[in-house]
Amino acid sequence: MQFHHHGYVSGDPRVEPAAGVGIDRPTELPDEVDVLIVGSGPAGMVAAAQLAQFPDVTTRLVERRGGRLEIGQADGIQARSVETFQAFGFAERIIAEAFRITEMAFWKPDPENHANIHRAAVTPDDPTGISEFPHLIVNQARVLDYFAEYARNSPGRIVPDYGWEFVGLEIAQPGPDGELPEHPVMVTLERATGVGVGAGDASHAVALDGELTGERRTVRAKFVVGADGARSKVRESIGAQHVGAQSFHAWGVMDTLAVTDFPDIRTKCSIQSEAGNILLIPREGGQLFRMYVDLGEVAEDDRGAVRKTTLDQVIAKANDILHPYTLDVRNVPWHSVYEVGHRVTDRFDDVPVEEQGSRTPRVFITGDACHTHSAKAGQGMNVSMQDGWNIGWKLGHVLDGRAPEALLETYHAERHVVAKELIAFDREWSRLMATKPEDLGDPAELEEFYVRTFEFPAGFMTQYEPSMIVGSQEHQELATGFPVGKRFKSAPVERVCDGNPVHLGHHHRADGRWRIYAFADRAPSRADASALASWAAWLAEASDSPLVAHAPADGGFDDVFDVKVVYQQPHGEVDLMEAPAVFRPATGPFGLTDYEKVYATDPAHDIFEERGLSRDGVVVVVRPDHYVAQVLPLSATGELAEFFRGALRAH
């Protein structure tokens, strides 16, 4: 962690110096903002946390509740999300308080007595070691607390504006000159008081109806991000259609403190019995666990009657399924009954499908506002956070002048595909979870599906298609372990300046910068005539180099690009001061040297071997949100320049 480059820091280094609009940030909601975020759920809070790193962008977040979420219903944290937490600086702290899932047990009817259940199989949660981070269980409210802390401690000093209900919005039409007003989105808000927090569906808590005071006000924004849940008023205001259907199958879900003789109560379990099914999720803290209890098929004309199922009925059903084991429930902090629905919105911004590409979107929807599904695959909060990060850095880049407005069109293009894949996966997972073992074609079908598709629920199946910020796979064979369009999978290396073993990707913070990783050719660090040396000279000096063409003329390139090198030799054979100067940039107001951009191969974990990197050298470009954007040979300087001409504005 680096923090003295602006001067000596004696306090908490996680609190960055305020800058831009973060200096003397107004307490009252202003009349005009650059970005207005509606809703402080996972997507909204992540977007705010990212935009807090852009202190020249005025961002405000309005929330109907009167304060922080106290009881959140989402709890599954996939490894991809923990990688995201690392980027926002709190992975280690949240891992310490969370429950870690390492395996899943599958219980089925005992072949010798079908009235009883028995443990039929146990599978590892991550059989291939797809991430160095674990699969966690932790309350959604705590996740939001950490992102709120990051936003509050970042240069932009963003804190939610609580107690404001979104009423509606209007988007101005172009004037006679064809131009829009500077703040074209007019948002109407109403003051809300006495708003509590109640049980929503299995993914989110919802605000109980509080008293609206009638006090209304208008805020004009350049852009609006709707993160206001499954009943999104922002979605409604832009006319987007939530497409899909109910599955007509109901589940009771409860967070439970109980005494039981069931032996796997602290193991994630799929329990299939003749009486129905249960998904058991141990919770953080040692005793709490969650049960999704199968309540069976729901008639099409039920009209929500199943939601009147009592807690006692859910507990009785759970005991029937667990037979011969018993569940003596002592306390239930939260419970709900819900029907599984699978819906995805036709578009994730205000531009109608037939007009996409014709104008810049001004309003975006994220999270449950644009995709809803069951909670049993643990995807709601996880996918929502990636929505928020995706749109957050893109808005930051456009509003601070780094990127053209066309960048914003990639939000729908990228995240809509992910949402459709999510719905398809969740539909199959929900079907298998609700099917009796005897009705499956193969009794082991559920556990085989779990193992076969583990990459998806872990958050690593996403692969973005080529666009202005994702290159082609023409040179993919040079870095087979870093697929273009997929997230950058970290690997151990050794930091040359101090010999410390570190994970390369763990230094990729959510600071809005592009990463350019140069993996050196075989030549030693002191070699002047090498492929790396030639590439580094071009990067530092050529007029078409991204560092020259796209970094601010009055500032260092390190504010826009984080450029690192990894040598093939162990750190004892690399001379830090002989590495090209572009890898030792000046940083901060004192122009101090950053020594932490030169790395060597860890002999125990050769990154060149583990990630299939060419020994002739290769360049890997990574987006601000961790996704690999381009793989190129060191000689392809023209292609690297061309890529960034499409992704960034020239300065």
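**View 1. Asp 145 sits in helix H4 of this predicted model.** Helices here are DSSP runs of H or I with at least four residues, strands are runs of E with at least two, and both are numbered from the N terminus. Asp 145 counts as partly exposed, because its relative accessibility is 21%; buried means under 20% relative accessible area, exposed means over 50%, and partly exposed lies in between (1.4 Å probe, protein chains only). Look for the side chain of Arg 142, which makes a polar contact of 3.0 Å with the side chain of Asp 145. A polar contact is a pair of N or O atoms within 3.5 Å; within protein, one must be able to donate a hydrogen and the other to accept it, and residues adjacent in sequence count only if both atoms are side-chain atoms. An α-helix has 3.6 residues a turn, so residues three or four places apart point the same way. For a wider landmark, the C-alpha atoms of Asp 145 and Glu 421 are 29 Å apart, with their places 276 residues apart in sequence.

A word on reading these views: residues are numbered from 1 along each chain as its sequence is written, and side-chain values use heavy atoms, with hydrogens and water left out. Since the model is predicted, local features need pLDDT of at least 70 and side-chain atom pairs count only at pLDDT 80 or more, while totals for chains, interfaces and linings use all residues.

**View 2. Gln 53 lies in the loop between helix H1 (42-51) and strand E2 (59-63).** With 12% relative accessibility, Gln 53 counts as buried. Two side-chain partners are worth finding: Tyr 150, in a polar contact of 3.1 Å, and Ser 154, in another of 3.2 Å. Contact, in the broader sense, means heavy atoms within 4.5 Å. Leaving aside neighbours within four places in sequence, Gln 53 has contacts that include Glu 16, Pro 155, Ala 510 and Asp 511.

**View 3. Helix H2 (residues 79-87) is largely enclosed by the rest of the structure, because nine of its nine residues are buried.** Those buried residues are Ala 79, Arg 80, Ser 81, Val 82, Glu 83, Thr 84, Phe 85, Gln 86 and Ala 87. What covers them includes strands E3 (76-77) and E7 (135-137), together with helices H3 (91-97), H4 (140-153) and H7 (380-399). Just after H2, Gly 89 takes a positive phi of about 85°.

**View 4. Gly 396 is a buried residue of helix H7.** Its relative accessibility is 0%. Setting aside neighbours within four places in sequence, Gly 396 touches Leu 51, Phe 54 and Val 57, with which it is in contact. Glu 70 is 326 residues away along the chain, and its C-alpha atom is separated from that of Gly 396 by 29 Å.

**View 5. Ser 545 is found in the loop between helix H10 (531-541) and helix H11 (546-549).** Ser 545 counts as buried, at 0% relative accessibility. Beyond its neighbours within four places in sequence, Ser 545 is in contact with Trp 538 and Leu 539.

**View 6. Three loops hold backbone features to look out for.** A cis peptide bond joins His 323 and Pro 324, with omega about 20°; Pro 324 is in the loop between helix H6 (311-322) and strand E18 (327-345). Arg 157 is not a glycine, yet has a positive phi of about 50°, and belongs to the loop between H4 and strand E8 (161-162). His 626, also not a glycine, has a positive phi of about 85°. The loop holding His 626 runs between strand E28 (618-622) and strand E29 (628-632), and His 626 is buried, with a relative accessible area of 6%.

**View 7. The protein chain as a whole has 13 helices and 29 strands.** Its radius of gyration is 26 Å, close to the 26 Å that the globule rule gives for 651 residues, so the chain is as compact as a globular protein of that length. The radius is taken over C-alpha atoms, and the rule is 2.2 Å times the number of residues to the power 0.38. Buried residues make up 58% of the 651. The C-alpha atoms fill a box of roughly 75 × 60 × 50 Å, taken along the principal axes.
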